[in-house]
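Colleague: I would like to learn how to read a structure of this kind, beginning with the chain as a whole and then going on to its sheets. Could we look at it together?

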Amino acid sequence: MEGCDGRAGWLKSIGVVGTLQPPGACELVLSDGADASMAAGYAVHPLRPTGVGSGPRLNYARECTRCATLTRVKRVSRHSCVTLLEFEEFASMVSGMLADRRHQLILRALRADGPLSVVALAEKIGASQATIRRDLVQLEDEGLLKRVYGGAAPVVGEDDPFADVAGVRVEAKDALATWCADLVRDGETVLLDIGTTAHRVARHLHGRSLTVITSNLAVYEELQDDKDVQLILLGGVVRRDYRSLVGFLTEDNLRQVHADRLFLGTSGVRPDGQVLDTTAVEVPVKRAMIAASAQVVLLADAGKFPGTGMARVCGPEELDVVVTNAPVDEKTGSRLREAGVEVVEV
């Protein structure tokens, strides 16, 4: 660590435990739940010494080998694969990536094995028990798990079946769907979320020269015979009553694609702009869709303010447009606009 400007103790505290230093490079070796592919994906290369005083100050360039999976930069379709960063900024980004990775692993372990102790989770993920406890507090606050004595359990929640919801507020959903279809331009790649409103958007896309990506089986059935639309169905576990595909396969598929626009559904929007979902198993897929898209358009009819939901999907800062069929209450509308979200009433 001495070659990295003497910041060994600080870097270790955020999960960077060492470096590899071939000529001209300083590659971080990550711990605390990071896997080998993640460690191999980020290298920082010294560019040139700058500054005066006690010693040279190094700038670093980040080389990204997994560009589409890093982050969604608001209103920019892709970030640059070579970005100049100060070392602290880079390490801070790495720390956030580590936390996200741990959270994914915790949720997958709970879905696969059911309730687990802190000790078992720490062993599975390769993190300290103290770190796991902090992660469990955050994930419970987001509604993604339930803490129990000594550990955590998965949250079991269910939406109403697709067939039961399809006939509810039909006119409102059609108004939203029509506006969204008019927003789309020929040649674009569109990502459609699960749910009945996204299905109605698909009905308005017939005959368009588009690529449509979805985990919504109703959307797939709607567009499967339309030869003008290139249709990509994401893999995953089939939830028959909900006409959707979920799970780690769906999430992994989404890391391989990029969409110009995402039409995102929700079960409710809090007054502070937080987007909710009723079913925890859908949340990681929705988050992966957001990360894969340049623009996020939230479809929320009047019944979604405040709506229902126990699991947090995202904050208002992750949205670009909210489309609704009724005036948004003053507090929610103010919070959305403060976050730079365009609120459209149709």
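Colleague: What percentage of the residues of the protein chain count as buried?

Modeller: A residue is called buried at under 20% relative accessible area, exposed at over 50%, and partly exposed in between, with a 1.4 Å probe and protein chains only; here 50% of the 346 residues count as buried. This is a predicted model, in which local features need pLDDT of at least 70 and side-chain atom pairs pLDDT 80 or more, while totals for chains, interfaces and linings use all residues. Residues are numbered from 1 along each chain as its sequence is written, and side-chain values use heavy atoms, leaving out hydrogens and water.

Colleague: How many helices and strands are there in the protein chain?

Modeller: Helices (H or I, at least four residues) and strands (E, at least two) are DSSP runs, numbered from the N terminus, and this chain has 13 helices and 20 strands.

Colleague: In what order do the strands of an open sheet lie?

Modeller: Strands of a sheet pair through backbone hydrogen bonds, either parallel or antiparallel. Two strands count as paired if DSSP finds at least two bridges between them. One open sheet has the order E15-E16-E18, with antiparallel pairing, and its edge strands, E15 (268-269) and E18 (311-314), each pair on one side only. E15 is joined to E16 (residues 275-277) by two bridges, and Val 269 stands opposite Val 275 in E16.

Colleague: Which helix packs on that sheet?

Modeller: Helix H12 (residues 283-291) does, touching E16 and E18, where contact means heavy atoms within 4.5 Å.

Conventions: Axes fitted to C-alpha atoms, helices over the stretch in contact; angles between N-to-C directions.
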